[in-house]
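Work through the following exercises with the model open beside you, and try each task before reading its solution.

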Amino acid sequence: MTGYDVVVVGSGPNGLAAAVTLARAGLGVHVVEGASTPGGGCRTEELTLPGFHHDVCSAAHPLLALSPFFADPAFDGLRARLAQPEVPFAHPLDGGRAAVVHRSVDATADALGTDGGAYAGLVGPLADGATELAAAVFAPLRGVPRHPVALARFAGNAVRSQEHLVRRFRTDEARALLAGASAHAVRPLSAPLTAGFGLLLTAAAHAVGWPVVTGGSAGVTGALVAELDRLGGTVEVGRWVTRVDRLPPARAVVLDVAPAALAGLVGDALPHPYRRALGRFRVGPGVCKVDWALSGPVPWASEACRSAGTLHLGGTSAEVAAAEAAVWAGRHPARPFCIVVQPGVADPTRAPHGMHTLWAYCHVPHGSDQDQTAAIEAQVERFAPGFGDLVLVRRTVTAARMADVNPNYVGGDIGGGVNDLVQTLSRPVPAWNPYRTPVAGVYLCSSATPPGGGVHGMCGVHAARTVLHDRFGGPPPFAR
């Protein structure tokens with residue numbers, strides 16, 4: 001079999017980012033993917049009807065737009081395909097009201113009335129320094145940060161809980177806006193760090209928007225594969241890897257896999273202390289996902305919501321908090337928190353003329369096999385009466401089946417593990433360099449490593465820099 005400098009197992013955004021980074025160093029890189037198409041969760045398929053193109057998992061891409069990796073000129077074409085909804089995200093409330101995040105901080109603050117000043121003072125500086133903030137947040141949190149001022153400004157509030165953060169606001173709109181963004185942490189909103197998720201994502205909405213990719217998220221994968229091909233790297237699909245010792249010869253192997261899969265791939269070569277540490281890695285709640293083919297646009301009661309790319313459904317801040325607490329406790333809330341993306345407001349190519357696709361998921365207990373379609377549709381209907389009349393076809397994937405979509409989504413956890421303070425600093429195990437494993441030449445680059453979940457590629461970049469240092473004489477991986 002042909003030998004390579006590095007073999008990468010898994011072709012999600014992190015695996016491909018690792019492959020591109022290594023190939024840019026002049027190495028021979030080969031990517032092996034088990035599915036019939038590359039991309040992991042970053043794929044687009046006709047899941048319902050012909051001509052309706054649905055994103056398999058990732059749909060809106062604020063983190064990609066912020067990522068230092070995707071800022072490279074090689075991805076100018078991809079960035080040109082980022083379609084910006086007029087409203088990055090919105091949070092409908094009962095009675096036809098909604099909290100709306102516009103690209104402008106001032107416009108958003110003006111719409112929040114008495115809470116406008118507090119909002120602008122909190123989010124405005126983060127949005128203004130979003131590039132420096134992203135560089136700090138996407139770093140592996142080892143050594144002295146490159147942008148300490150930006151990180152310090154963010155961290156003072158980011159380490160707090162969302163429930164603590166919203167005490168400074170009085171209106172339902174301002175409270176709900178931050179609750180919905182913070183619920184992306186998939187933790188109780190009373191937990192530390194949940195405010196950080198809300199602040200980062202809200203600042204990103206102002207700085208870079210919450211874009212979708214024209215034609216679908218498969219365009220992200222296509223851009224990565226094209227860049228790897230230009231650099232001489234190769235991608236092989238339809239080959240499931242069961243053991244790393246059965247791969248083509250290489251000086252290093254990089255695994256874009258969940259921690260649970262790492263032990264099986266490496267086998268007895270993995271020392272027992274590390275194996276036990278991997279066993280303590282905690283996966284988070286799951287998602288139940290629904291895709292719809294619609295005969296027309298969603299009839300949101302709030303006019304502003306009809307221009308929003310992403311919507312957070314759950315009602316008031318207190319309702320969202322109650323739903324997330326229930327999921328964490330292992331229960332299915334009657335009114336779940338839902339994240340909805342309507343890509344057609346910015347990208348009409350997703351469906352036949354006049355028709356639309358709709359993408360949504362709600363949070364559920366880990367490994368749940370309960371179909372939450374009815375609960376999700378009830379939340380949509382709550383804020384968009386008449387929605388059900390538009391449904392042509394629906395497709396549902398329960399949390400228990402999300403691993404069929406991507407083996408890294410263990411139990412439906414699409415975020416790569418629990419996002420608490422301890423695990424954020426020690427994912428997947430407590431180690432100075434979490435991308436190394438104890439097995440010589442074997443590295444981990446999945447979202448179980450820092451900086452965690454999302455389409456940004458930085459887990460792969462940091463793992464690749466570690467490989468370059470350890471195996472090919474490159475600079476220290478965390479050098480500033």
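**Exercise 1.** Which helix supplies the largest share of the lining of the second largest pocket, and how many residues does that share hold?

*Solution.* Bear in mind throughout that this is a predicted model. Begin with the space itself, which in the second largest pocket amounts to about 430 Å³. Next, list the lining, which has 23 residues, with Arg146, Met458, Val461, His462 and Arg465 nearest the centre of the pocket. Then look for helices that each supply at least two lining residues, among them helix 6 (130–137) and helix 18 (458–472). Helix 18 gives the largest share, 5 residues. Finally, sort the lining by class, which yields 16 nonpolar, 4 polar and 3 charged residues.

**Exercise 2.** Decide whether Asn14 is buried or exposed, and find the residues that it touches.

*Solution.* Locate Asn14 in helix 1 (residues 13–24). Its relative accessible area is 6%, which is under the 20% cut-off, so Asn14 is buried. Leaving out residues up to four places away in sequence, Asn14 touches Asp256, Cys445, Ser446, Ser447, His456, Gly457, Met458, Cys459 and Gly460. As a last step, compare sequence with space: Asn14 and Gly454 are 440 residues apart along the chain, while their C-alpha atoms are separated by 9.4 Å.

**Exercise 3.** Describe how helix 7 and helix 10 pack.

*Solution.* Helix 7 (residues 148–158) meets helix 10 (residues 194–207) at an angle of about 130 degrees, and their axes are 8 Å apart. That angle makes helix 7 oblique to helix 10. Phe154, Asn157 and Ala158 of helix 7 make the contact with Ala195, Gly196, Leu199 and Leu200 of helix 10. Sorted by class, this contact has 5 nonpolar, 2 polar and no charged residues.

Methods. Residues numbered from 1 in each chain as written. Predicted model: local features only at pLDDT ≥ 70, side-chain atom pairs only at ≥ 80, totals over all residues. Heavy atoms only, no water. Axes fitted to C-alpha atoms, helices over the stretch in contact; angles between N-to-C directions. Helix = DSSP H or I, 4+ residues; strand = E, 2+ residues; numbered from the N terminus. Parallel < 35°, antiparallel > 145°, perpendicular 65-115°, else oblique. Contact = heavy atoms within 4.5 Å. Nonpolar A, V, L, I, M, F, W, Y, C, P; charged D, E, K, R; others polar. Buried < 20%, exposed > 50% of the residue type's maximum accessible area, 1.4 Å probe, protein only. 1 Å grid on protein atoms, 1.4 Å probe; cavity = no way out; pocket = protein on both sides within 12 Å on 5 of 7 lines; lining within 4 Å. Points joined across faces, edges and corners; volume = space filled by probe spheres on them.
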